[in-house]
Amino acid sequence: MKVLMFGWEFPPHISGGLGTACYGLTQGLSKKGVDITFVIPRLTDRTTRSHVRLIDYTDALREYAVQGTTTKWLKRLKVMAVESLLAPYVTEETYLEMVKKISSTGKKTTKIAEKSDVFDLSNDYGPNIFESVSRYASIAGVIASQESFDVIHVHDWMTIPAGMEAKYVSGKPLVVHVHALEFDRSGMHVNQRIYDIERAGMESADHVITVSHYTKARIIEYYGIPAGKISVVHNAVSRQESFNKYHVKKSPLRKYVLFLGRITFQKGPDYFVEAAKLVLEKARNTHFIMAGSGDMMPRLIERVSELRMGSNFHFVGFLRGEDVERAFAMSDVYVMPSVSEPFGISALEGAVYDTPVIVSRQSGVTEVLNHSLKVDFWDIRELANKILGVLSYGGIHDEITSNAKKDLRNITWEMAGSKILDVYTNLI
Amino acid sequence: MPSICFYFQVHQPYRVGKYTFFDIGSRHDYEDVEKDKSITRKVAQKCYLPANNLILKLINKYKGWFKVSYSISGTALDQFNEYAPEVIDSFKRLSDTGCVEFMNETYYHSLAFLFSKPEFTQQVNLHKRRIKELFGQTPRVFRNTELIYNNELGAMAESMGYKAVLAEGADHVLGWRSPNFVYQPAGCYKTKLLLRNYRLSDDIAFRFSNRHWDKYPLSADKFVQWVKQINGSGEVINLFMDYETFGEHQWEDTGIFNFMENLPEKLTQIPEFNFVTPSEEAELYDPVAQLDVPSFVSWADVERDLTAWMGNNMQLEALERVYSLERKVKRTRSPELLDTWRKLQTGDHFYYMCTKWFSDGDVHKYFNPYTSPYDAYINYMNVLSDFTDVLDANIPARRENHERQQYRSISI
């Protein structure tokens with residue numbers, strides 16, 4: 001089984017859960033004997049804009065994996081980066097030339113090459129992203145004509161045009177994997193063009209995979225995709241046991257409450273701040289850590305000062321690698337108050353590091369992580385009540401973390417891999 | 001000529017309402033009165049009243065041959081009294097027939113036996129007086145909350161003068177022995193031990209409407225065949241179950257009432273067959289052996305042990321905390337605070353905190369008003385925190401602050 005996969009990010013260059021999920025999923029699939037060519041646009045600032053090149057990126061990846069766990073599965077995974085893809089100045093002429101040069105067969109010209117404005121790329125959202133998406137799609141057509149594969153698999157809207165293009169060129173079945181919807185990121189203020197891309201992609205896909213039943217239901221409701229065409233494959237978490245290398249000695253007097261995620265509307269950081277205020281009214285020695293960055297950060301910093309809780313509320317920025325582990329390990333409770341979270345791998349990470357987890361009911365992860373505390377994201381008082389409950393009553397910590405560990409045993413990337421393999425098998 | 005002994009458990013807990021950390025110190029009413037009222041009224045309509053009518057009809061029809069027994073918790077009686085007094089009247093009518101026996105239990109359906117013998121004894125006596133006052137009979141048979149039993153409880157029952165005590169006929173207690181005989185608690189010489197036939201009891205109580213069960217559907221005829229099979233290899237069949245089986249756990253449309261109505265008629269086919277109440281059973285049959293039960297058994301879950309209420313640290317902490325308040329509560333000499341404390345001892349509160357999700361988990365979920373055991377725990381502990389403060393404010397001032405600080409460690 002050979003799969004041509006289009007992603008947007010892949011470790012080590014990641015900005016969020018999508019890269020982590022793609023890494024885990026390809027790992028799970030590789031272990032099932034699936035060969036994957038993974039294509040990513042490399043988000044670099046380099047000024048070499050003139051041409052598009054396909055670069056074998058496997059070496060850099062192998063470096064990353066060595067730091068992680070086993071590398072055997074990597075042999076089945078080939079990562080390609082489409083460097084300088086984001087260059088916005090490739091004209092239709094130079095692109096056609098380039099296609100001719102790259103494509104040895106030269107039989108097909110891509111749809112985008114014929115008609116450059118498949119998506120209206122003018123103004124508003126920031127035209128660059130749409131242009132990038134569009135150019136990524138055109139490159140996808142070239143790759144699809146070069147590579148041999150059985151299935152095309154794409155991850156989220158940015159890669160959907162690429163997948164549609166690859167399907168058009170190759171005639172192979174397309175799987176659209178939805179990790180997040182425009183509705184999750186933007187609430188009811190959706191960007192119509194992104195919605196259109198998502199919808200077109202799911203309509204033209206041969207099958208759709210979602211990371212939760214929660215997201216599946218939203219796709220049925222908001223996008224009108226028939227339920228029979230959608231399979232749910234829950235995400236997992238890579239490491240099942242924490243090594244306790246950050247054996248943080250927890251003080252009974254000082255408690256830490258962690259938020260870790262992008263500081264954006266979708267993640268509900270503002271609810272975390274408001275709940276912190278309520279908690280501090282009852283337990284003054286509680287400290288709140290907000291790890292991450294995002295467009296809401298300035299406003300929240302201001303709000304924290306306004307509430308006069310700066311000495312107990314700490315913005316620590318975007319954490320990577322070991323710092324993430326350390327943050328989980330030192331915290332007494334992890335809070336993920338997302339407004340709409342298709343999955344939420346970080347909740348599983350909390351469980352890995354023996355940290356009790358409070359998640360919003362509007363999160364897909366609650367479907368697999370039974371042993372967590374659940375609140376509606378808007379119910380600040382209840383969130384504060386639960387934080388205080390975990391911090392005050394000794395019986396809950398060990399019970400919830402040891403049971404969550406049992407949940408984790410049934411949540412593996414291998415399992416996700418075999419479910420995806422089933423989807424592939426039904427398509428070819 | 002086997003005898004069948006029907007015993008129905010009637011119980012309703014007082015429900016604790018939503019109580020957050022922010023309510024601590026600001027309000028002291030823990031009960032969800034509306035919920036108590038609506039559930040009591042609902043179950044009265046669906047189960048207690050129609051089931052009592054049916055039992056009364058059968059008793060009248062068979063003129064003294066058909067008999068049953070009940071154990072009704074004090075918390076259920078109090079709620080009937082308040083929200084559905086017609087249920088009390090209908091139990092009184094049953095009692096008047098002389099074919100119904102009422103047993104004794106802890107008034108608050110509590111686990112007091114495991115934590116405080118004085119408190120246990122007080123609750124048992126409270127219940128005994130209440131039964132006497134309502135139904136004019138002094139209970140002679142004891143059944144502990146959820147059929148929790150061990151040798152010590154058997155000995156206690158004897159010392160308190162009961163003719164018999166009930167327990168689960170669990171496999172790990174009986175071994176090769178049959179539950180269909182009368183036994184005696186280890187070391188006792190008067191009190192008998194009556195064991196629940198869990199297979200036949202659960203065929204009615206749990207499996208009756210289960211379409212995946214290979215014996216489905218269960219008819220009175222089929223059941224009587226199983227009873228006949230015991231003939232010769234046993235003397236008694238103890239069918240102990242929740243009364244809510246009729247109309248609440250098994251809805252009326254499953255045919256549960258019809259089953260019960262037809263059963264006595266079919267049993268008349270068996271020669272010399274009869275119905276007995278627990279005290280009659282104890283009088284009629286000699287114990288075949290003494291039964292050694294060193295560790296606790298109960299009728300709950302597949303384990304038939306205490307893990308439904310005491311299986312994790314949240315449950316243990318909550319139980320230890322509530323019983324640690326005994327001395328304080330009693331020092332206040334306040335009947336209201338004593339009553340509140342005792343309502344908080346009802347076993348259901350700890351059952352809601354059970355984390356055994358799988359296999360038995362679905363039964364727990366069915367009976368659980370909370371969405372998770374963690375929510376149940378936090379809510380209960382919030383209540384206990386407030387109640388502790390209330391107690392401290394109500395006992396003659398002494399150095400109690402010290403104790404309180406221990407429990408509220410984060411609010412230093």
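**Exercise 1. Which backbone oxygen does the side chain of B:Thr191 reach, and at what distance?**

Solution. This is a predicted model, in which local features need pLDDT of at least 70, side-chain atom pairs count only at pLDDT 80 or more, and totals for chains, interfaces and linings use all residues. Residues are numbered from 1 along each chain as its sequence is written, chains are lettered from A and ligands numbered from 1 in the order in which they are written, and side-chain values use heavy atoms, with hydrogens and water left out.

Begin by locating the residue: B:Thr191 lies in the loop between strand 6 (184-185) and strand 7 (192-196) of chain B, where helices (H or I, at least four residues) and strands (E, at least two) are DSSP runs numbered from the N terminus. Next, B:Thr191 has a relative accessible area of 0% and is therefore buried (buried means under 20% relative accessible area, exposed over 50%, partly exposed in between, with a 1.4 Å probe and protein chains only). Its contacts, meaning heavy atoms within 4.5 Å, include B:Ala157, B:Glu158, B:Lys163 and B:Pro185, when residues up to four places away in sequence are not counted. Finally, the side chain of B:Thr191 reaches the backbone oxygen of B:Tyr162 at 2.7 Å.

**Exercise 2. Describe the contact between chain B and chain A, and state which helix of chain B gives the most residues to it.**

Solution. The contact takes 24 residues from chain B and 29 residues from chain A. Together the two chains bury about 2500 Å², 59% of it on carbon and sulfur atoms; buried area is the accessible area (1.4 Å probe) that two parts lose on being put together, summed over both. Between the chains, 13 residue pairs are in polar contact, both residues being at pLDDT 80 or more (a polar contact is a pair of N or O atoms within 3.5 Å; within protein, one must be able to donate a hydrogen and the other to accept it, and residues adjacent in sequence count only if both atoms are side-chain atoms). On the side of chain B that touches chain A, helix 13 (313-324) and helix 18 (373-394) each supply at least two residues, and helix 18 gives the most, with 7 residues.

**Exercise 3. Where do the two partners of the salt bridge between A:Glu382 and B:Lys18 lie, and how accessible is each?**

Solution. The rule finds 2 salt bridges across the interface of chain B and chain A, a salt bridge being a side-chain nitrogen of Lys or Arg within 4 Å of a carboxyl oxygen of Asp or Glu. In one of them, the closest N and O atoms of A:Glu382 and B:Lys18 are 2.7 Å apart. A:Glu382 lies in helix 14 (residues 380-392) of chain A and B:Lys18 in the loop between strand 1 (3-10) and helix 1 (33-62) of chain B, so the pair joins two chains. A:Glu382 is buried, with a relative accessible area of 9%, whereas B:Lys18 is partly exposed at 48%.

**Exercise 4. Examine the salt bridge of B:Glu105 and B:Arg143, and decide whether its partners are buried or exposed.**

Solution. The side chains of B:Glu105 and B:Arg143 meet at 3.3 Å, N to O. The pair links distant parts of the chain, 38 residues apart, with B:Glu105 in the loop between strand 3 (100-102) and helix 4 (112-115) of chain B and B:Arg143 in the loop between strand 4 (141-142) and helix 6 (151-159) of chain B. B:Glu105 has 0% relative accessibility and so counts as buried, and B:Arg143, at 0% relative accessibility, counts as buried.
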